[in-house]
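User: Could you take a close look at one part of this model for me, the main nonpolar core and whatever packs around it? I'd like a connected walk-through rather than a list.

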Amino acid sequence: MISTSRPHSTVRSARMAAVFALAVLLTMCAAACSPAASDIAPHAAATAGDPVFDKTFRHEFADVEGVRMHYVIGGSGTPVVLIHGWPQTWYGWWPIMPALAENHTVYAVDLPGLGDSTGSPPAYDKATLARYVHTLIADRLGVRDARVIGHDFGAAVAFAYAAQFPTDTDRLGDVPRAGHWLVEENPRFVTEELQRFLA
């Protein structure tokens, strides 16, 4: 009597070895064909390889009273400061930033403790965070006529910015609480509304 279990076992082992070899080759090819994740700085991961970002915007950092503040800057024209909500980052504004940058210098800030802003302010209340944003925008970057726009918690920080530094605030705007959805799902509408507000 001839056993058939051994040939099936051999064929199964050969197939598994071939699948494993293919997986190894695909992994090696992927590593050789694209930059390693470790080669991309964490703050640049969301925009790595994005030609629209690379054409107009850049990541920057500034030290503000013990906090390394991360912000994205791009465009030219009147300055617009975008302050994100909770628990978001500057990237929440990305769908509308390229269009705004056609007529404005756009500053999208990561609030202390969020995104790629590192370090700890003495408190996280709106007035303190507004002072950090103001120190970055007005003192470090020299922008004394900012149009400050916030969303969600960022709208409260924007209001505190304008309340504390009225002479450095040209306009104050608020994208309503549903604005995060609007920015993501209907960026054209938000952009058009902001363009009218900023004109």
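Analyst: Here is a walk through the core, starting with the overall layout and working outwards.

Keep in mind that this is a predicted model. The chain has seven helices and six strands, and from the N terminus on they come in the order α-α-β-β-β-α-β-α-β-α-β-α-α. Of the 199 residues, 40% are buried. Sequence-distant packing shows up too: among contacts between residues at least 6 apart in sequence, 69% join residues at least 24 apart.

Now the core itself. The largest nonpolar core has 25 residues, and Val81, Ile83, Val109, Val133, Leu136 and Ile137 are the ones with the most contacts inside it. Who builds it? At least two residues each come from strands S1 (57-64), S2 (67-75), S3 (78-83), S4 (104-109) and S5 (146-151), and from helices H4 (126-140) and H5 (153-164). H4 gives the most, with six residues. Val81 is a good place to stand and look around: leaving out residues up to four places away in sequence, Val81 touches Tyr107, Val109, Val133, Ile137, Ala146, Arg147, Val148 and Ile149. There's also a second, separate core of 19 residues, with Phe57, Trp94, Met97 and Leu100 among its members.

Phe57 turns up again in the aromatic picture, where ring pairs link Phe53, Phe57, Trp90, Tyr91 and Trp94 into a cluster.

Back to H4, and to a residue in it, Thr128. Thr128 has a relative accessible area of 6%, so it counts as buried. Setting aside neighbours within four places in sequence, Thr128 is in contact with Pro121, Pro122 and Ala123.

Follow the chain out of H4 and you get to Leu141, in the loop between H4 and S5. Leu141 is partly exposed, because its relative accessibility is 29%, which falls between the 20% and 50% cut-offs. Beyond residues up to four places away, Leu141 touches Tyr71, Tyr107 and Leu136. Of those partners, Leu136 is listed with the best-connected core residues, and Tyr107 is also touched by Val81. Leu141 and Ala62 are 79 residues apart along the chain, yet their C-alpha atoms are separated by 9.2 Å.

H5 is the other helix feeding the core. H5 has 12 residues and reaches 17 Å from its first C-alpha to its last, close to the expected 16 Å. Its buried residues are Gly154, Ala155, Val157, Ala158, Ala160, Tyr161 and Ala162, and what covers them includes S3, H4, S5 and strand S6 (169-175). Tyr161 and Phe165 are both buried. As for rings, there are seven aromatic pairs. Tyr161 and Phe165 make an edge-to-face pair, because their ring centres are 6.0 Å apart and their planes sit at 70°.

Last stop, the S1 and S2 hairpin. The two strands run antiparallel and are joined by eight bridges, with two residues between them; in this hairpin Glu65 takes a positive phi near 45°. Asp63 stands opposite Arg68 in S2, and the charged end of Arg68 sits over the ring of Phe61, 3.8 Å from its centre. Both strands also supply residues to the big core, which brings us back to where we started.

Technical notes. Residues are numbered from 1 along each chain as its sequence is written. This is a predicted model: local features need pLDDT of at least 70, side-chain atom pairs count only at pLDDT 80 or more; totals for chains, interfaces and linings use all residues. Side-chain values use heavy atoms; hydrogens and water are left out. A nonpolar core is a set of buried Ala, Val, Leu, Ile, Met, Phe, Trp, Tyr and Cys residues joined through side-chain atoms within 4.5 Å. Buried means under 20% relative accessible area, exposed over 50%, partly exposed in between (1.4 Å probe, protein chains only). Helices (H or I, at least four residues) and strands (E, at least two) are DSSP runs, numbered from the N terminus. Contact means heavy atoms within 4.5 Å. The expected span of a helix is 1.5 Å times one less than its number of residues. Rings of Phe, Tyr and Trp (its six-membered ring) pair if their centres lie within 6.5 Å; planes under 30 degrees apart count as stacked, over 60 as edge-to-face and the rest as tilted. A charge sits over a ring if NZ of Lys or CZ of Arg is within 6 Å of the ring centre and within 35 degrees of the ring normal. Two strands pair if DSSP finds at least two bridges between them.
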